[in-house]
Amino acid sequence: MSGLTSTTVHHLYIRPGDLLPACGVTPGPDRDPCIPDWHTGHALSVLLAVAADGAACCTLCLELAETMS
Ligand SMILES: [Zn+2]
């Protein structure tokens, strides 16, 4: 497959200042170089807004965010 595009995957930071999202994924580029996804984390309200916008979100983090909201 050609034309791989980088997707930003959004995760949840449960507390401000957390270094790792709720699911434990390391923020930044994916460890697999064949998957050019970029992982980033947000506070609860921001993640829900991003998800409502239709962006790619981590299923685990999103489920947790919806439980917490
Ligand atoms: Zn996540």
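In strand β3, the bridge partner of G28 is H39. That pairing is a convenient place to enter this model, which is predicted. G28 itself lies in strand β2. Leaving aside neighbours within four places in sequence, G28 is in contact with W38 and H39. G28 is nevertheless exposed, because 9 other C-beta atoms lie within 10 Å of its own, and a residue counts as exposed at 12 or fewer. The C-alpha atoms of G28 and H11 are separated by 11 Å, the two residues being 17 apart along the chain.

From this pair one can step back to the whole chain. The protein chain contains two helices and three strands, and along the sequence these follow the pattern β-β-β-α-α. The radius of gyration is 12 Å, close to the 11 Å that the globule rule gives for 69 residues, so the chain is as compact as a globular protein of that length. Taken along the principal axes, the C-alpha atoms fill a box of roughly 40 × 25 × 15 Å. Of the 69 residues, 22% are buried. Among contacts with a separation of 6 or more, 60% are between residues 24 or more positions apart.

The sheet comes next. Strands of a sheet pair through backbone hydrogen bonds, in either the parallel or the antiparallel sense. Here the three strands form an open sheet in the order β1-β3-β2, and the pairing is mixed. β1 and β2 (28-29) stand at the edges with a single partner strand each, so one side of each has no neighbour in the sheet. β1 and β3 (residues 38-42) run parallel and are joined by five bridges. On this side of the sheet, T8 has W38 of β3 as its bridge partner, V9 is bridged to H39, and H10 stands opposite T40. β2 and β3, by contrast, pair in the antiparallel sense, over two bridges. H39 of β3 therefore serves as bridge partner both to V9 and to G28.

The two faces of β3 can be told apart by burial. In a regular strand the side chains alternate between the two faces of the sheet. Along β3, H39 and G41 point to one face and are buried, while W38, T40 and H42 point to the other and are not. β1 is mostly covered, with four of its five residues buried.

Helix α1 (residues 44-52) packs on the sheet and touches both β1 and β3. The direction of α1 makes about 145° with that of β1. α1 also meets the other helix: the axes of α1 and α2 come within 10 Å and cross at roughly 115°, and the crossing is left-handed. On the α1 side the contact is made by L44, L47, L48 and A51, and on the α2 side by C61, L62, A65 and M68. Not counting residues up to four places away in sequence, L62 touches A51 and C57.

Where do the buried nonpolar residues gather? In soluble globular proteins, nonpolar side chains tend to be buried together. The largest nonpolar core in this chain has 10 residues: V9, L12, Y13, A22, L47, C57, C58, C61, L62 and A65. β1 (8-12) and α2 (59-68) each supply at least two residues of this core, and α2 gives the most, with three. Several of the residues already met recur here. V9, which is bridged to H39, belongs to the core. L47 of α1 and C61, L62 and A65 of α2, which take part in the helix contact, are also core members.

Not every part of α2 is covered. T67 has its place in this helix, yet T67 is exposed, because 7 other C-beta atoms lie within 10 Å of its own and the limit for an exposed residue is 12. The C-alpha atoms of T67 and G54 are separated by 19 Å, with the two positions 13 residues apart in numbering.

Key:
Residues numbered from 1 in each chain as written. Predicted model: local features only at pLDDT ≥ 70, side-chain atom pairs only at ≥ 80, totals over all residues. Core = buried A, V, L, I, M, F, W, Y, C linked by C-beta atoms within 7 Å. Buried ≥ 20, exposed ≤ 12 C-beta atoms within 10 Å, placed from the backbone. Contact = placed C-beta atoms within 7 Å. Rg over C-alpha atoms; globule rule 2.2 N^0.38 Å. Pairing = 2+ DSSP bridges. Axes fitted to C-alpha atoms, helices over the stretch in contact; angles between N-to-C directions. Left-handed = near helix turned anticlockwise from the far one by under 90°.
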